[in-house]
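Visitor: I am new to this structure and would like a close look at a single part of it. Please choose one helix and show me how its surroundings fit together.

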Amino acid sequence: MEEKRKLSSSEQQTSATAASTTSTSSTTCTTTTGVNANDGAAVRVSEEAFEDKSSNCVDSLQKEKRVKTDEQSNKAVLNQFRKYAQVLTDQQDQRERLVKLSRDTTIASKRIIFLLQRFNGTNRDSILNDALEKLKAVHKTIKAIAKELTGCDPAQYHSAYSPGMQEYIEAATFFKFIEDGTLPSIFDLEQFIFADDQVRFTINSTDYILGIGDLTGEMMRLCINNAMNESVPQEVCNRMREIYQGRSPQAL
């Protein structure tokens with residue numbers, strides 16, 4: 001009986017050992033399987049990360065290429081706009097210079113007119129000599145205008161120097177009226193200003209007409225200032241009639 005019990009106990013131990021070994025093997029297999037599965041997932045994740053990284057690199061390179069292309073295109077456009085900006089700046093600077101010259105011409109011409117208004121019939125020579133010297137100084141300013149207009153269309157900058165020319169025409173024609181009673185033409189005024197100078201410009205007909213229109217006002221003032229001198233008002237009246245007839249439809 002005791003031998004049977006020992007055998008039975010030995011069998012139980014053997015069975016337990018076998019079961020333990022089987023359990024350990026199963027656990028080992030399960031662990032190995034889990035490790036293999038994790039390794040596969042890690043490989044897939046690594047491959048996906050590599051693909052994403054490669055895709056990002058390609059996108060980055062393409063983006064850099066587009067940026068460089070855009071920069072080159074923008075640089076060409078910007079350079080062109082800089083050229084346009086420089087042209088506009090140069091034109092504006094030239095216009096400002098012409099405006100200043102026109103303003104100087106206007107001021108000097110007004111002073112000549114004020115001088116000529118002191119004419120009383122007895123001081124003709126002294127008044128005309130002083131006025132002629134001042135007109136020569138104005139001619140230098142007008143020649144500076146002609147120099148500024150060299151190489152460009154005067155019509156583009158006409159509004160910049162027109163006021164000065166109108167005032168000069170008023171002063172010059174007023175001077176010629178007191179000098180010899182004549183009304184100079186556009187050609188006569190150009191010769192008076194430029195003489196034989198090569199640098200010149202053509203006086204605008206509108207400026208000439210407006211200058212003559214202002215001249216009539218100065219002639220009326222001269223007539224009033226010399227109302228006690230019969231010769232001056234009569235001469236002014238005759239000249240005013242001639243100007244009116246020259247501008248009337250019947251004379252055209």
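Guide: Here is a walk around helix α4, starting with the whole protein and ending with a cavity. This is a predicted model, in which local features need pLDDT of at least 70 and side-chain atom pairs count only at pLDDT 80 or more, while totals for chains, interfaces and linings use all residues. Residues are numbered from 1 along each chain as its sequence is written, and side-chain values use heavy atoms, leaving out hydrogens and water.

The protein has 6 helices and 0 strands, in the order α-α-α-α-α-α from the N terminus. Helices (H or I, at least four residues) and strands (E, at least two) are DSSP runs, numbered from the N terminus. Of the 252 residues, 27% count as buried; buried means under 20% relative accessible area, exposed over 50%, and partly exposed in between, with a 1.4 Å probe and protein chains only. Among contacts (heavy atoms within 4.5 Å) with a separation of 6 or more, 73% join residues 24 or more positions apart.

Now to our helix. α4 covers residues 186-194, and L189, E190, I193 and F194 are buried in it. Seen down the axis of α4, these buried residues fall within an arc of 110°, so they line one face of the helix; the arc is that of the directions from the helix axis to the C-beta atoms. As general background, an α-helix has 3.6 residues a turn, so residues three or four places apart point the same way. The cover over the buried residues of α4 includes α2 (124-148), α3 (158-180) and α5 (205-225).

F187 also lies in α4, but F187 is exposed, with a relative accessible area of 54%. From F187 to T202 there are 15 residues in sequence and 8.6 Å in space, C-alpha to C-alpha.

Just after α4 comes A195, in the loop between α4 and α5. Its phi is near 55°, a positive value in a residue other than glycine. Most residues other than glycine have a negative phi. A195 counts as partly exposed, at 38% relative accessibility.

Let us move on to α5, one of the helices that cover α4. E218 sits in α5 and is buried, with a relative accessible area of 9%. Leaving aside residues up to four places away in sequence, E218 touches I113, Q117, E170 and F174.

In α6, we meet R239, which counts as buried at 14% relative accessibility. Its side chain reaches the backbone oxygen of G181 at 2.2 Å, a polar contact, that is, a pair of N or O atoms within 3.5 Å; within protein, one must be able to donate a hydrogen and the other to accept it, and residues adjacent in sequence count only if both atoms are side-chain atoms. With residues up to four places away left out, R239 touches F177, G181, T182, L183 and M219.

F177 also helps line the largest cavity, along with F119, R124, I178, L222, V232 and E235. On a 1 Å grid over the protein atoms alone, a cavity is a set of points where a 1.4 Å probe fits but cannot get out, and lining residues have an atom within 4 Å of a point. The whole structure has 1 cavity of 30 Å³ or more, and the largest has a volume of about 50 Å³. α3 and α6 (231-247) each supply at least two residues of its lining.

Key. 1 Å grid on protein atoms, 1.4 Å probe; cavity = no way out; pocket = protein on both sides within 12 Å on 5 of 7 lines; lining within 4 Å. Points joined across faces, edges and corners; volume = space filled by probe spheres on them.
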